[in-house]
Each structure stands twice: as C-alpha cells, then as structure tokens.
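Dear colleague,

I am passing on the structure we spoke about, and my notes on one helix and two pockets follow below it. Please read them with the coordinates open.

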Amino acid sequence: MKAVSIKEPGGPEVLEWTDVEDPAPAAGEVVIDVVASALNRADVMQRWGLYPRAPGTSPYPGLEVSGRISALGEGVSGWQVGEEVCALLTGGGYAQKVAVPTGQLLTVPKGIGLAESAALPETTATVWSNLVMTAGLKKGETLLVHGGAGGVGTMAVQVAKALGARVVTTVGGPEKAARARQLGADVAIDYRAEDFTEYGPYDVILDVVGGDYLERNVRSLAADGRLVVIGLQNGLEGRLNLAEVVFKRISVHGTTLRTRSEEQKAAIVAEVQDRVWPMIESGAVQLVIDQTVPMAEAAEAHRLMEAGGHIGKILLVND
C-alpha cells in the first residue's frame with residue numbers, strides 16, 4: 001500500500017507519498033481500506049517533531065479515517081468485512097489501509113457520506129470528552145471556545161448549543177465570525193480587534209491556543225469555572241495567578257486524546273456514538289468541511305491548514 005511518511009521534522013515538503021507494508025490486524029482489531037482521512041492540528045505538530053507517537057503505534061500521521069472493513073483480527077465480533085465505518089486512530093490515517101481496535105470504530109451517521117464522515121471521529125471525540133466528560137458543561141452555562149472556526153471549534157460551538165449552553169467564541173476575522181454565528185455562537189469575537197475577557201465570566205473555556213492565553217483565561221472564568229487546555233499554538237508557557245485559582249475554586253485541565261489508553265478511547269467513542277451521532281443525524285450539528293485534497297498531496301493540505309484561512313475541516317481523499 002501507499003502512505004504519507006515524514007522524512008524528517010520540518011515543513012510540508014517533508015511529507016512523502018510512498019510504498020509501505022500493509023498493516024495486519026492484531027487480536028481485537030480490523031483493517032480498514034481508507035476512503036478518506038482528515039487534517040488535525042496534531043498532524044502538523046507531529047510533522048514538526050513536536051508530537052511524538054507512542055511506542056508501537058503507526059509512524060504515519062492521521063488521527064481519523066473513514067472506509068470499509070477489509071480484514072478482521074482474532075476475536076472480532078459485531079463487525080463484518082465490507083462494512084462502512086469511520087474510526088478514531090492513534091495514527092496511520094494518511095494511508096490506503098490502517099489497522100484499528102474495534103473499540104474505536106463508529107458507524108457512519110445517517111445522512112453523511114462515507115468520505116465526509118472521516119472528518120468526524122477526532123473532532124467529536126475531542127469535543128465530547130473535554131466539554132462533557134472533563135468539564136461537565138451543563139445547560140444554561142456559558143462556554144468560551146477559542147478558535148471557533150476550526151475543525152474542533154465548529155464542532156464545539158454546535159455541540160454546546162445542542163446541550164443548551166450559551167456559547168462565545170474567538171475567531172480571526174469577520175468572515176469566520178459570521179460563520180460561527182451561523183453555526184449557533186451567541187457571540188463571535190474577532191480576537192484581532194477585541195478582548196475576550198470583556199465578554200465573561202465563563203463557566204467553561206475550551207482553549208486550543210495555550211501560551212499567554214492562560215492568564216486571561218483564568219481571569220475571565222466565573223467561580224467554580226473550568227479551563228480545559230487542548231492546544232499549544234501560542235507556546236508552552238503562561239502565567240497563572242494562583243489566588244484566582246484558589247478563591248474562585250477554578251479547575252485547570254490539560255488533555256490530549258492521542259495518548260489515552262485504548263480503554264479510555266473506547267469509552268469516549270461509545271459516548272460519541274450514543275450522544276453526538278443523534279445530534280448529527282437530526283441536523284442539530286452540521287459537518288463543516290472546507291475542502292478536499294488528494295491523499296497523495298497531503299503536503300498541500302498542510303500548507304492550507306498552516307495558512308489559516310480554512311473554516312472547518314480539510315479532507316484527504318484516496319483515489
């Protein structure tokens with residue numbers, strides 16, 4: 001088969017579409033013939049050498065796919081060869097085939113095309129695990145989503161609205177602000193012109209930025225507020241006023257999906273299938289795809305992501 005390999009840490013030019021060995025399913029796994037994968041910011045970090053993979057996992061980038069099951073590992077039941085699925089991965093999605101534990105498989109939601117469904121597993125699992133399973137977002141609370149025009153952001157805005165929250169989001173520019181409001185955001189802040197702290201206090205903040213946002217995030221949280229940091233685009237360090245943390249009883253969480261155990265991922269995927277899929281199938285939550293790019297041209301897709309002009313997800317599609 002072919003897969004996108006990373007020659008060495010660096011820019012998009014280090015990605016190569018090359019011949020590699022076919023994966024074989026271990027016990028409890030299936031092999032998927034990949035129809036599509038989707039870009040995530042973690043793929044860019046991996047390409048730069050800043051997001052190392054766990055030992056024994058695929059060296060190829062790609063944290064979500066859709067396709068058809070082509071082989072079953074020992075002990076697999078409940079899934080059949082030829083079945084159309086999408087899946088959450090630890091890596092390896094930029095390829096023609098990938099092996100994945102059955103606990104990370106999802107059905108394709110009704111009304112969503114097979115290729116398009118590749119844009120769902122990582123974003124829905126990230127949003128649900130952080131907003132609900134970690135932060136405990138409740139109906140009537142106010143959520144601040146940083147990066148509301150990206151793949152995670154567009155999903156977080158919609159899922160939070162479906163849960164009955166008031167949603168504020170930061171975006172880069174008026175076009176993205178307008179799209180965020182179309183998706184349900186009550187307030188869309190252009191971070192280039194406005195300070196998000198002026199629109200608080202917030203019960204929950206989902207932060208994909210990190211770095212110097214930490215101090216302002218904590219300052220703008222309400223009493224008993226929860227901050228969940230899932231991205232580090234602005235750097236690895238920030239100032240933290242511990243007095244605010246203590247006296248407002250604030251919780252600060254740092255999470256990543258990729259390094260969780262198979263058991264933890266399976267539990268998240270099960271909740272996504274049970275709770276988020278009905279939102280998608282009813283139309284309450286839309287799948288937002290900016291554009292599709294051939295898998296063999298993954299380098300160009302990475303350039304598009306780093307340019308920052310996209311809204312929603314960028315898909316990689318196999319021939």
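A residue is counted in the lining of a pocket when it has an atom within 4 Å of a point of that pocket. Please keep in mind throughout that this is a predicted model.

With that meaning of lining, helix H2 (121–134) gives the most to the largest pocket, supplying five residues. The space in this pocket comes to about 1100 Å³, and among its 45 lining residues those closest to the centre are Arg-41, Val-208, Val-209, Gly-231 and Gln-233. Other elements that each supply at least two residues include helix H1 (41–47), helix H8 (298–307) and strand E15 (313–317), and the lining as a whole has 18 nonpolar, 19 polar and eight charged residues.

The second largest pocket has a volume of about 520 Å³ and is lined by 28 residues, with Gly-56, Thr-57, Ser-58, Gly-91 and Ala-99 lying nearest its centre. Strand E6 (97–101) gives the most to this lining, with five residues, while helix H7 (262–282) supplies at least two; by class, the lining has twelve nonpolar, eight polar and eight charged residues.

Turning to helix H4 (residues 174–182), its buried residues are Lys-176, Ala-177 and Ala-180. Viewed down the axis of H4, these buried residues fall within an arc of 105°, so they line one face of the helix, whereas Pro-174, Glu-175 and Gln-182 are exposed on the other side. The cover over the buried residues of H4 includes helix H3 (151–162), strand E9 (166–171) and strand E10 (187–190). After H4 comes Gly-184, which has a positive phi near 120°.

With best wishes

Note on methods:
Residues numbered from 1 in each chain as written. Predicted model: local features only at pLDDT ≥ 70, side-chain atom pairs only at ≥ 80, totals over all residues. Heavy atoms only, no water. Buried < 20%, exposed > 50% of the residue type's maximum accessible area, 1.4 Å probe, protein only. Helix = DSSP H or I, 4+ residues; strand = E, 2+ residues; numbered from the N terminus. Arc of directions from axis to C-beta. Contact = heavy atoms within 4.5 Å. 1 Å grid on protein atoms, 1.4 Å probe; cavity = no way out; pocket = protein on both sides within 12 Å on 5 of 7 lines; lining within 4 Å. Points joined across faces, edges and corners; volume = space filled by probe spheres on them. Nonpolar A, V, L, I, M, F, W, Y, C, P; charged D, E, K, R; others polar.
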